[in-house]
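The following exercises concern a single protein model. Please examine the sequence and the structure, attempt each task, and then compare the result with the worked solution.

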Amino acid sequence: MSRIQVAFPVPADRAFAYLADPRNRPAWQSSLRAVADVVPVDGDATAAGTTWTDVTVVPGVRPRMRTTLAEPGVRWVEEGRCGPFRAELALFFSPAEDGSAVVAEFSVRGIGVGRLVTLASRAAVAADLRRAAQLAGGA
């Protein structure tokens, strides 16, 4: 697992609501063109059990995603599957002096290169979370 921490200029519950809603992802996640097929649980797209498809910038790569854990303002976990690859992203939220701190832990597994993909993704994930912090602060 790789670990990144980013300061958000909004309270933890607001950072959670923004990050956990897959419909917001294309605005801040550089690898996405869109999300499709969002199926929320009881009308809540941030709830555990929500599913969607990531439409990536790589033609034909469309991982199927699922929220596996959702504790508003505390933590949120997703898993994704695409061919032989499996990915997991966990976000942990805590209050901070000027808003909140968001810690992301993520990993990619599959066909012997998962660790390399995880390490190579670190800079992009950090940049994406910094972009999300800016957008959440202006939302």
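**Exercise 1. Pairing in the hairpin**

Determine which residue in β7 stands opposite Ala90, and describe how the strands β6 and β7 are joined.

Solution. The model is a predicted one. Step one: Ala90 faces Glu105 of β7. Step two: another pair is found by taking Phe92, whose bridge partner in β7 is Val103. Step three: strand β6 covers residues 85–96 and strand β7 covers residues 99–109, and the two pair in the antiparallel sense over eleven bridges. Step four: β6 and β7 make up a hairpin, with two residues between them.

**Exercise 2. The other partner of β7**

State how many bridges join β1 to β7, and decide whether β7 is largely enclosed or not.

Solution. Step one: β1 and β7 run antiparallel and are joined by seven bridges. Step two: one residue to locate here is Ser2, which stands opposite Phe106 in β7. Step three: a residue counts as buried when its relative accessible area is under 20%. By that criterion nine of the eleven residues of β7 are buried, so the strand is largely enclosed by the rest of the structure.

**Exercise 3. The whole sheet**

Write down the strand order of the sheet, and explain why one side of β1 and one side of β2 are left without a neighbour in the sheet.

Solution. Step one: the sheet is open, has seven strands with antiparallel pairing, and follows the order β1-β7-β6-β5-β4-β3-β2. Step two: β1 (2–8) and β2 (32–39) stand at the edges and have a single partner strand each, so one side of each lacks a neighbour in the sheet. Step three: on average, neighbouring strands of this sheet are turned by 25° against each other, direction ignored. Step four: helix α1 (residues 12–20) lies across β1, β4 (64–71), β5 (75–82), β6 and β7, and runs at about 160° to β6.

**Exercise 4. The overall fold in numbers**

List the elements from the N terminus on, and judge how the radius of gyration of the protein stands against the globule rule.

Solution. Step one: the secondary structure comprises three helices and seven strands. Step two: the elements run β-α-α-β-β-β-β-β-β-α from the N terminus on. Step three: the radius of gyration is 14 Å, close to the 14 Å that the globule rule gives for 139 residues, so the protein is as compact as a globular protein of that length. Step four: the C-alpha trace spans about 40 × 35 × 25 Å along its principal axes. Step five: of the 139 residues, 42% are buried. Step six: the accessible surface comes to about 7,200 Å², and 56% of this belongs to carbon and sulfur atoms. Step seven: among contacts between residues at least 6 apart in sequence, 44% join residues at least 24 apart.

**Exercise 5. Salt bridges and their surroundings**

State how many salt bridges the structure holds, and identify what the pair Arg25 and Glu78 ties together.

Solution. Step one: there are six salt bridges in the structure. Step two: one of them joins Arg25 and Glu78, with the closest N and O atoms 2.8 Å apart. Arg25 lies in helix α2 (residues 25–28) and Glu78 in strand β5, so this pair ties together parts that are 53 residues apart in sequence. Both Arg25 and Glu78 are buried.

Step three: the side chains of Arg23 and Asp21 also meet in a salt bridge, at 2.7 Å from N to O. Arg23 counts as exposed at 52% relative accessibility, whereas Asp21 is buried at 11%.

Step four: Glu71 forms a salt bridge with Arg75, and the closest N and O atoms are 2.6 Å apart. Glu71 is partly exposed, with a relative accessible area of 29%, and Arg75 is partly exposed at 32%.

**Exercise 6. Backbone angles**

Give the phi value of Asp37 and that of Asp42, and place each residue in the structure.

Solution. Step one: most residues other than glycine have a negative phi. Step two: Asp37 has a positive phi, near 55°, and lies in strand β2. Step three: Asp42 has a positive phi as well, near 50°. Asp42 is located in the loop between β2 and β3 (51–56). Step four: Asp42 is exposed, its relative accessible area being 81%.

How values were computed. Residues numbered from 1 in each chain as written. Predicted model: local features only at pLDDT ≥ 70, side-chain atom pairs only at ≥ 80, totals over all residues. Heavy atoms only, no water. Pairing = 2+ DSSP bridges. Helix = DSSP H or I, 4+ residues; strand = E, 2+ residues; numbered from the N terminus. Axes fitted to C-alpha atoms, helices over the stretch in contact; angles between N-to-C directions. Contact = heavy atoms within 4.5 Å. Rg over C-alpha atoms; globule rule 2.2 N^0.38 Å. Buried < 20%, exposed > 50% of the residue type's maximum accessible area, 1.4 Å probe, protein only. Areas by Shrake-Rupley, 256 points an atom, 1.4 Å probe, with all protein chains shown as cover. Salt bridge = Lys/Arg side-chain N within 4 Å of Asp/Glu carboxyl O.
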